[in-house]
Number of protein chains: 2
Amino acid sequence: MKVAKFGGTSLANAEQIKKVCDIVLSDPDRRLIVVSAPGKRYKDDIKVTDLLISLAEKCLGGGSAEAELNAVVARYEEIAQGLNLSNEIVKIISDDLKERMGMDKSNPGKFMDTLKAAGEDNSAKLVAEYLKSKGIEAEYINPKDAGMLLSDEFGNARVLPESFDHLARLKDRSGIMIFPGFFGYSKKGDVVTFPRGGSDITGSILAAAVKADLYENFTDVDSVFAANPNIIDNPKPIPVFTYREMRELSYSGFSVLHEETLEPVYRMGIPVCIKNTNNPKAPGTLITPAREVGDNHVVGIASGTGFCTIYVSKYMMNREIGFGRRLLNILEDEGLSYEHTPSGIDNISIILEEKQLDKVNEEHLIKRIKDELNVDDVTVERGLALVMIVGEGMLRTVGICARAANALAKAGVNIEMINQGSSEVSLMFGIRAVDSEKAVKALYNEFFN
Amino acid sequence: MKVAKFGGTSLANAEQIKKVCDIVLSDPDRRLIVVSAPGKRYKDDIKVTDLLISLAEKCLGGGSAEAELNAVVARYEEIAQGLNLSNEIVKIISDDLKERMGMDKSNPGKFMDTLKAAGEDNSAKLVAEYLKSKGIEAEYINPKDAGMLLSDEFGNARVLPESFDHLARLKDRSGIMIFPGFFGYSKKGDVVTFPRGGSDITGSILAAAVKADLYENFTDVDSVFAANPNIIDNPKPIPVFTYREMRELSYSGFSVLHEETLEPVYRMGIPVCIKNTNNPKAPGTLITPAREVGDNHVVGIASGTGFCTIYVSKYMMNREIGFGRRLLNILEDEGLSYEHTPSGIDNISIILEEKQLDKVNEEHLIKRIKDELNVDDVTVERGLALVMIVGEGMLRTVGICARAANALAKAGVNIEMINQGSSEVSLMFGIRAVDSEKAVKALYNEFFN
């Protein structure tokens with residue numbers, strides 16, 4: 001069985017939904033289908049989820065939300081007509097929305113979640129109805145009946161462990177199942193939603209629960225690219241990479257989906273395929289637990305700006321047991337999370353996102369480090385970029401670092417920091433942000449041209 | 001004023017002591033002289049300090065220590081005769097030793113320290129006596145009178161902060177002062193010694209206290225070398241390097257003196273010169289707070305084997321605030337100190353001395369990390385070496401990393417880990433221990449030939 005998830009642009013109108021159904025029907029293994037709420041039809045369009053948020057806000061404010069309701073219903077009506085469905089389904093959707101609008105508003109978070117979830121829920125009903133109208137065995141799955149139980153954190157729910165056993169029973173059903181993404185139910189029976197982008201989470205949970213052979217994530221790009229297309233013209237697509245490579249590439253230009261959402265399939269070792277609804281014949285990008293390396297040592301170049309370092313030095317630091325731990329303690333205490341901590345004998349550099357340092361008073365932080373750790377020097381350097389070459393094949397290949405360092409040297413890029421741990425699939429260079437594009441180009445040319 | 005410290009081989013016999021005095025007299029600024037106990041005269045000789053330890057152990061065991069006492073007195077007698085001094089000084093030394101032997105033995109650590117300190121103390125008396133016999137204004141300085149106050153940790157004392165003010169008054173004295181190294185007095189008036197090599201500490205404290213222009217450390221090598229002479233034939237001497245460079249080079253082959261001992265002079269920014277008593281015309285190696293870089297970007301190649309890594313991986317590790325701190329907490333809890341922690345997005349490698357992992361049960365440590373941090377994978381890899389290129393000039397020089405990585409690639413050395421922080425003077429490569437010599441040779445050839 002394959003689990004296929006379709007994003008908002010794939011559900012935006014009747015034409016797109018027909019493409020989705022063609023894709024589903026073209027492979028008998030595609031039996032568990034997760035759908036988003038209808039997305040944008042054109043650049044300045046409003047997503048149904050955003051319409052629903054406005055609707056909920058109007059209701060919570062005590063005003064009339066008739067215009068907002070009409071706007072939502074109109075979207076579904078347009079789709080139903082385009083799919084030649086009877087008006088009955090539009091009435092079901094309209095009644096459902098009105099029922100939600102009439103619910104208890106004493107907990108605004110709960111009311112908001114109930115309204116937001118209507119986008120996906122009614123999308124799923126519509127798609128199931130369309131498939132049935134074509135004589136296909138298909139059904140809408142109610143997440144409550146299926147046992148998608150979530151923590152009762154409105155807008156930020158997590159799946160409860162028992163859900164996996166409940167959802168595993170979907171395997172035994174016949175026909176095509178249309179499952180709404182983005183939400184589930186608390187143990188009390190309330191609708192609760194995942195963080196935004198949560199339909200990806202729904203798909204990932206379902207794929208893990210039914211032990212799918214493949215989790216297909218249909219979006220609007222052909223594949224993941226070996227470098228940021230804003231820096232490199234027409235970068236090469238990545239046909240296949242591993243979970244570890246995907247994670248290392250996450251700094252920039254690779255955020256086709258949130259990696260958090262993939263944790264359930266990662267844990268089960270289920271491969272993920274990223275494909276394009278508008279070009280389903282393109283092979284897409286496959287994310288797998290492992291891959292054949294061959295000559296393909298490096299899969300991509302990631303880069304990100306907006307980093308800074310906190311440099312701390314103290315004579316004989318390396319003999320002071322607990323120094324690093326106490327330093328990290330201060331950061332944690334101040335709510336700062338860091339990326340890497342390259343070090344010398346008597347110094348350590350904490351690399352973190354620059355914007356995080358705006359949250360705390362920099363002078364206060366420096367003072368704490370100086371006073372509590374009795375250090376010789378603390379300085380903050382801003383305007384850094386991280387550039388990484390990523391690939392499973394790097395680990396046992398002599399000369400990868402030399403090629404990368406040469407490419408950077410030839411491009412006149414000074415390396416400020418370097419970081420590579422054992423068993424690693426990435427090599428990180430810390431450079432000045434102004435050199436970032438030059439560095440990505442140099443590394444891309446070295447490894448991909 | 002210069003503070004000059006002479007090690008055990010410089011005090012081993014009359015001939016060596018004459019060299020010491022010639023050196024002292026050749027520069028009128030050399031006025032505060034720190035001496036060790038007489039060291040080895042030939043390869044299988046026994047140092048006076050070791051004779052004194054045997055003597056103390058015999059006394060503590062309740063047996064007769066006459067043979068041991070005679071052996072110690074004989075060493076001083078031989079020196080006194082060689083220096084044409086009267087037997088009076090030998091009697092003073094002999095009486096001093098007997099007095100120490102008769103002291104309270106209820107605290108063995110205290111008794112041991114009193115005996116061990118006799119080596120340096122009597123060395124200083126002898127040297128002062130010799131200078132006076134030549135008509136030179138010289139005096140033995142009693143550390144008690146001078147105010148060298150230490151913590152009462154026998155065998156492992158630390159200087160108390162007030163000592164610096166006391167010792168600063170030595171500046172006002174005229175003539176040459178001979179100060180015994182290695183020990184001081186507790187506030188209760190007991191003799192307490194520094195850890196071994198402690199005469200270097202005495203010299204460093206004195207230099208800091210009198211704000212010396214230079215702290216000269218006379219030993220038996222001409223200089224510090226740019227690479228380990230056991231790996232590289234006749235490596236180039238390092239004429240001058242900075243404190244930071246010295247610390248980074250400390251992994252191996254550079255341990256002419258313990259860096260802990262230099263902390264007092266480091267804090268005061270006092271330069272240190274390492275020179276050879278047996279070849280005082282050689283320029284030696286100067287350690288300074290800062291140096292002119294010029295074309296001399298790299299000062300040395302350090303290497304050390306006997307390292308291992310603990311590799312820890314966990315999906316989405318980088319989003320988990322406090323993960324690194326909690327990992328370091330476990331290490332600290334188990335009494336392990338580490339060198340570096342290069343990391344990827346979802347993994348971290350802890351580099352530590354392999355022998356440390358023998359102290360704790362490896363399985364126990366792995367289990368703790370797995371259970372308490374809920375990680376995906378923990379593995380220990382042994383047999384690693386660290387090779388570092390060190391130099392203040394590296395930081396702002398494009399291409400140093402490329403040259404180093406190329407040299408290693410050409411030598412067929414695979415780089416397993418790399419680590420360089422911001423503002424750093426070193427670049428560390430983690431490699432297999434079997435590749436260590438090959439790597440040092442390749443890097444030395446690249447940067448020094």
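In this predicted model, helices H15(A) and H16(A) cross in the right-handed sense. That pair is one of three helix packings covered here, along with the overall build of chain A and the relation between chains A and B. The H12 helices of the two chains also meet, with axes that come within 9 Å. Chain B lies on chain A with an RMSD of 0.2 Å after a turn of 180° and a shift of 0.1 Å along the axis.

**H15 and H16 of chain A**

- Helix H15 spans residues 400-410 of chain A, and helix H16 spans residues 436-448 of chain A.
- Their axes lie 8 Å apart and make an angle of about 135°.
- H15(A) and H16(A) are therefore oblique to each other; an angle has to be over 145 degrees to count as roughly antiparallel.
- From H15(A), the contact takes in Ile400(A), Arg403(A), Ala404(A), Ala407(A) and Leu408(A).
- From H16(A), the partners are Ala439(A), Ala442(A), Leu443(A), Glu446(A) and Phe447(A).
- By class, this contact holds eight nonpolar, no polar and two charged residues.

**Chain A overall**

- Chain A contains 16 helices and 15 strands.
- The radius of gyration of chain A is 25 Å, close to the 22 Å given by the globule rule for 449 residues, so chain A is as compact as a globular protein of that length.
- Along the principal axes, the C-alpha atoms of chain A fill a box of roughly 75 × 50 × 40 Å.

**Relation of the two chains**

- The superposition of chain B on chain A takes a turn of 180° with a shift of 0.1 Å along the axis.
- That is the relation of a two-fold axis.
- The same surface serves both copies, as 100% of the contact residues of chain B recur in chain A.

**H12 against H12, between chains**

- Helix H12 covers residues 323-333 in chain A and residues 323-333 in chain B.
- The two axes cross at roughly 150°.
- That angle makes H12(A) roughly antiparallel to H12(B).
- The crossing of this pair is left-handed.
- H12(A) makes the contact through Gly324(A), Arg325(A), Leu328(A), Asn329(A) and Glu332(A).
- H12(B) contributes Gly324(B), Arg325(B), Leu328(B), Asn329(B) and Glu332(B).
- The contact residues of H12(A) and H12(B) comprise two nonpolar, four polar and four charged.

**H4 and H6 of chain B**

- Helix H4 (residues 87-101) and helix H6 (residues 118-133) of chain B pack at an angle of about 160°.
- Their axes are 11 Å apart.
- H4(B) and H6(B) are therefore roughly antiparallel to each other.
- H4(B) passes H6(B) in a right-handed crossing.
- On H4(B), the contact residues are Ile89(B), Ile93(B), Asp96(B), Leu97(B) and Arg100(B).
- On H6(B), they are Ala118(B), Asp121(B), Asn122(B), Lys125(B), Leu126(B) and Glu129(B).
- Five nonpolar, one polar and five charged residues make up the contact of H4(B) with H6(B).

Conventions: Residues numbered from 1 in each chain as written. Chains lettered and ligands numbered in written order. Predicted model: local features only at pLDDT ≥ 70, side-chain atom pairs only at ≥ 80, totals over all residues. Heavy atoms only, no water. Axes fitted to C-alpha atoms, helices over the stretch in contact; angles between N-to-C directions. Helix = DSSP H or I, 4+ residues; strand = E, 2+ residues; numbered from the N terminus. Parallel < 35°, antiparallel > 145°, perpendicular 65-115°, else oblique. Left-handed = near helix turned anticlockwise from the far one by under 90°. Contact = heavy atoms within 4.5 Å. Nonpolar A, V, L, I, M, F, W, Y, C, P; charged D, E, K, R; others polar. Least-squares fit on C-alpha atoms with pLDDT ≥ 70 in both. Rg over C-alpha atoms; globule rule 2.2 N^0.38 Å.
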